Amino acid sequence: MHALGRHIIAELYGCDRDILNNRELIEKIMVESALKAGAEVREVAFHKFSPQGVSGVVVISESHLTIHTWPELGYAAVDVFTCGDRVDPWQACNYITEMLKASHMTTTEMKRGLFEQPVKVANL
């Protein structure tokens with residue numbers, strides 16, 4: 001079976017609480033992670049909640065990266081979804097985990113868009 005994309009769902013525990021509550025730093029980490037994975041960044045949107053927490057999305061030509069943080073718990077929920085075989089979602093996921101100083105990560109990888117024959121996907 002051939003897949004159109006790979007989707008990593010990551011649970012990050014024991015993260016640095018100050019980083020998780022810093023919108024500018026979270027945005028920088030997420031954009032850098034996309035670039036390190038070889039993605040082409042298209043749009044970026046992040047929001048700081050009151051009293052704490054950050055949510056955001058990095059839209060890439062190859063799909064997206066998202067994050068939702070709970071600083072009070074030292075927890076972040078991260079999705080990295082990439083299409084095609086040029087971008088490695090694990091590079092992005094591992095970079096995010098390292099930069100958030102997570103002590104523990106659990107992940108699930110899903111293959112998205114399964115086909116029996118290879119499918120040619122046009123570049124966006």
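In which loop is E62 found? In this predicted model, E62 sits in the loop between strand 3 and strand 4, and the report returns to this residue after the sheet and the helices have been described.

## The sheet

The strands form an open sheet of six, arranged in the order 2-3-4-5-1-6 and paired in the antiparallel sense. Strand 2, which covers residues 41–48, and strand 6, which covers 104–115, stand at the edges with a single partner strand each, and therefore one side of each has no neighbour in the sheet. On average, and with direction ignored, neighbouring strands of this sheet are turned by 10° against each other.

Strand 2 pairs with strand 3, residues 54–60, over seven bridges in the antiparallel sense. Within this pair, A45 of strand 2 stands opposite V57 in strand 3. When neighbours within four places in sequence are left aside, A45 is in contact with S55, G56 and V57. Is A45 buried, partly exposed or exposed? With a relative accessible area of 45%, A45 is partly exposed, because a residue has to fall under 20% to count as buried and has to be over 50% to count as exposed. The C-alpha atom of A45 is separated by 8.2 Å from that of E27, although the two residues are 18 residues apart along the chain.

In the loop between strand 2 and strand 3 lies P51, and the peptide bond that leads from S50 to P51 is cis, with omega near 15°.

## Two helices on the sheet

Helix 2, made of residues 23–36, packs on the sheet and touches strand 2, strand 3 and strand 4 (63–70), and its direction makes about 155° with that of strand 2. Helix 3, made of residues 89–99, also packs on the sheet, where it touches strand 1 (2–13), strand 4, strand 5 (75–83) and strand 6, and its direction makes about 10° with that of strand 1.

The two helices also meet one another: the axes of helix 2 and helix 3 come within 8 Å and cross at roughly 145°, and this crossing is right-handed. On the side of helix 2 the residues that take part are I29, M30, E32, S33 and K36, while helix 3 brings Q91, A92, Y95, I96 and M99. Sorted by class, the contact of helix 2 with helix 3 has six nonpolar, two polar and two charged residues.

## Helix 3 and its ends

Which residues of helix 3 are buried? They are P89, A92, C93, Y95, I96 and T97, and what covers them includes strand 1, helix 2, strand 4, strand 5 and strand 6. A92, for example, counts as buried at 1% relative accessibility, and apart from residues up to four places away in sequence it touches S33, A37, L65 and V80. By contrast with these contacts, the C-alpha atoms of A92 and Q52, which are 40 residues apart along the chain, are separated by 24 Å.

At the N-terminal end of helix 3, D88 acts as a cap, with a side-chain oxygen that lies 2.9 Å from the backbone nitrogen of W90. Just after helix 3 comes K101, which takes a positive phi of about 60° and is found in the loop between helix 3 and strand 6. K101 is exposed, with a relative accessible area of 53%.

## E62 and the residues around it

Although E62 is found in a loop, this residue is buried, with a relative accessible area of 10%. The side chain of E62 reaches the backbone nitrogen of E40 at 3.2 Å. Residues up to four places away in sequence not being counted, E62 touches G38, A39, E40, F81, T82, C83, R86 and V87.

One of these contacts, T82, lies in strand 5 and is buried, with a relative accessible area of 1%. On the same basis of counting, T82 touches L4, G5, R6, I60, E62, S63, V87 and P89. S63, which is included in that list, lies in strand 4 and counts as buried at 17% relative accessibility. S63 has a positive phi of about 145° although it is not a glycine.

Notes. Residues are numbered from 1 along each chain as its sequence is written. This is a predicted model: local features need pLDDT of at least 70, side-chain atom pairs count only at pLDDT 80 or more; totals for chains, interfaces and linings use all residues. Side-chain values use heavy atoms; hydrogens and water are left out. Two strands pair if DSSP finds at least two bridges between them. Helices (H or I, at least four residues) and strands (E, at least two) are DSSP runs, numbered from the N terminus. Axes are lines fitted to C-alpha atoms, for helices over the stretch in contact, and angles run from 0 to 180 degrees between N-to-C directions. Contact means heavy atoms within 4.5 Å. A crossing is left-handed if the near helix is turned anticlockwise from the far one by less than a right angle, and right-handed if clockwise. Ala, Val, Leu, Ile, Met, Phe, Trp, Tyr, Cys and Pro count as nonpolar, Asp, Glu, Lys and Arg as charged, and the others, Gly among them, as polar. Buried means under 20% relative accessible area, exposed over 50%, partly exposed in between (1.4 Å probe, protein chains only). A polar contact is a pair of N or O atoms within 3.5 Å; within protein, one must be able to donate a hydrogen and the other to accept it, and residues adjacent in sequence count only if both atoms are side-chain atoms.
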